[in-house]
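Colleague: Thanks for making time to go through this model with me. Shall we take it helix by helix?

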Amino acid sequence: MKKHLPALVAGFGAGVLQVVPVVKSFSCLIIMPLAGIFALVLYQKSNKIISPISTQKAVVTGLMTGVFAALFGSFFEILITFITKSNDLVYVVNDLYEFIDKFPVEETVKTQVIQLTENVVNSIKTTGFSLLYSFSVVVNNLIINPIFGTIGALIGLKFINSKIQQNS
């Protein structure tokens with residue numbers, strides 16, 4: 001557990017920031033890479049590492065940070081949706097319908113997508129929970145967050161290793 005604790009801490013922080021209204025817009029490009037860097041720095045400090053960190057360790061730390069951020073972020077997003085019975089999808093559903101209407105596909109497909117979206121929005125407004133919405137949030141986060149967490153950890157690896165080599 002100690003070897004994954006830095007990823008857990010950084011992932012929790014990133015997961016919390018992913019549900020903050022304005023900050024969540026920067027989740028992929030800023031928050032997750034910074035969380036990957038932060039996790040690697042925490043790993044180095046907690047294990048008192050003075051030699052260069054391996055690329056494999058950075059990749060694993062970045063992936064684990066992304067997975068933890070995805071799990072925490074999804075949990076908090078679904079919980080807030082459940083409590084408030086509202087979320088971003090509910091706010092932008094009319095714009096989504098306009099976008100779908102302009103999309104170059106058959107009318108039957110457009111109708112099915114609109115009906116599916118209406119079911120999700122109605123479920124969220126009435127009960128605060130939609131299984132399809134929850135599933136899509138979790139899957140999206142589990143794909144995107146580990147990618148950007150790994151990118152951040154690899155960037156952090158270059159900085160940490162170059163600093164270690166300068167001090168040697």
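Colleague: Happy to start at the end of a helix: which residue follows α3, and what is the sign of its phi?

Modeller: Bear in mind that this is a predicted model. Most residues other than glycine have a negative phi. The residue after α3 has a phi near 55°, so its sign is positive, and the residue is lysine 85.

Colleague: Where is lysine 85 found, and is it buried, partly exposed or exposed?

Modeller: Lysine 85 is found in the loop between α3 and α4. Its relative accessible area is 35%, and the class in between runs from 20% to 50%, so lysine 85 is partly exposed.

Colleague: Which loop holds lysine 48, and how does its accessibility class come out?

Modeller: Lysine 48 has a positive phi of about 50° although it is not a glycine. It lies in the loop between α2 and α3. With a relative accessible area of 69%, against a cut-off of over 50%, lysine 48 is exposed.

Colleague: Back to α3 itself: how far apart are its end C-alpha atoms, and what span should its residues give?

Modeller: Helix α3 covers residues 55-84, which is 30 residues. At 1.5 Å a residue they should span 44 Å. The end C-alpha atoms agree with that, being apart by 42 Å.

Colleague: What does the span check give for α1?

Modeller: Helix α1 takes in residues 5-17, 13 residues in number. At 1.5 Å a residue the expected span is 18 Å. The distance between its end C-alpha atoms agrees, at 18 Å.

Colleague: Which residues of α1 are buried, and what arc do they cover around the axis?

Modeller: The buried residues of α1 are Pro6, Ala7, Ala10, Gly11, Ala14 and Gly15. They sit on the same side of α1, because around the axis they cover an arc of only 155°.

Colleague: What covers those buried residues of α1?

Modeller: In an α-helix, residues three or four places apart point the same way, because there are 3.6 residues a turn. The cover over the buried residues of α1 includes α2 (27-46) and α3.

Colleague: At what angle do α1 and α3 pack, and what is that arrangement called?

Modeller: The axes of α1 and α3 are 7 Å apart, at an angle of about 40°. The contact involves residues including Ala7, Gly11 and Val16 of α1 and Thr65, Phe68 and Phe72 of α3. In handedness, α1 passes α3 in a right-handed crossing. Angles under 35 degrees would count as roughly parallel, so this pair is oblique.

Colleague: Valine 16 has come up in that contact; what is its relative accessible area, and how far in space is it from alanine 70?

Modeller: Valine 16 is found in helix α1, and it is partly exposed, with a relative accessible area of 31%. Valine 16 and alanine 70 are 54 residues apart in sequence, and their C-alpha to C-alpha distance in space is 10.0 Å.

Colleague: How do α2 and α3 cross, and which term describes them?

Modeller: Their axes come within 9 Å and cross at roughly 125°. Among the residues that meet are Met32, Ala35 and Tyr43 in α2 and Lys57, Ala58 and Ala69 in α3. The crossing of α2 past α3 is right-handed. Roughly perpendicular ends at 115 degrees and roughly antiparallel needs over 145, so the term is oblique.

Colleague: And α2 with α6: what are the angle and the distance between axes?

Modeller: Residues in contact include Leu29, Met32 and Ile37 in α2 with Phe148, Gly152 and Ile160 in α6. The crossing of α2 past α6 is right-handed. Helix α6 spans residues 131-167, and the two pack at an angle of about 50°, with their axes 7 Å apart. That makes α2, relative to α6, oblique.

Colleague: Is lysine 158 buried or exposed, and how far is it from isoleucine 53?

Modeller: Lysine 158 has its place in helix α6. At 62% relative accessibility, it counts as exposed. Lysine 158 and isoleucine 53 are 105 residues apart in sequence, with a C-alpha to C-alpha distance of 9.2 Å.

Colleague: Last one: which residues does valine 90 touch, not counting residues up to four places away in sequence?

Modeller: Valine 90 is in helix α4 (residues 88-102), and it is buried, with a relative accessible area of 14%. Its C-alpha is 7.9 Å from that of isoleucine 124, 34 residues apart in sequence. Not counting residues up to four places away in sequence, valine 90 touches Val121, Ile124 and Lys125.

Definitions and conventions. Residues numbered from 1 in each chain as written. Predicted model: local features only at pLDDT ≥ 70, side-chain atom pairs only at ≥ 80, totals over all residues. Heavy atoms only, no water. Helix = DSSP H or I, 4+ residues; strand = E, 2+ residues; numbered from the N terminus. Expected span 1.5 Å × (residues − 1). Buried < 20%, exposed > 50% of the residue type's maximum accessible area, 1.4 Å probe, protein only. Arc of directions from axis to C-beta. Contact = heavy atoms within 4.5 Å. Axes fitted to C-alpha atoms, helices over the stretch in contact; angles between N-to-C directions. Parallel < 35°, antiparallel > 145°, perpendicular 65-115°, else oblique. Left-handed = near helix turned anticlockwise from the far one by under 90°.
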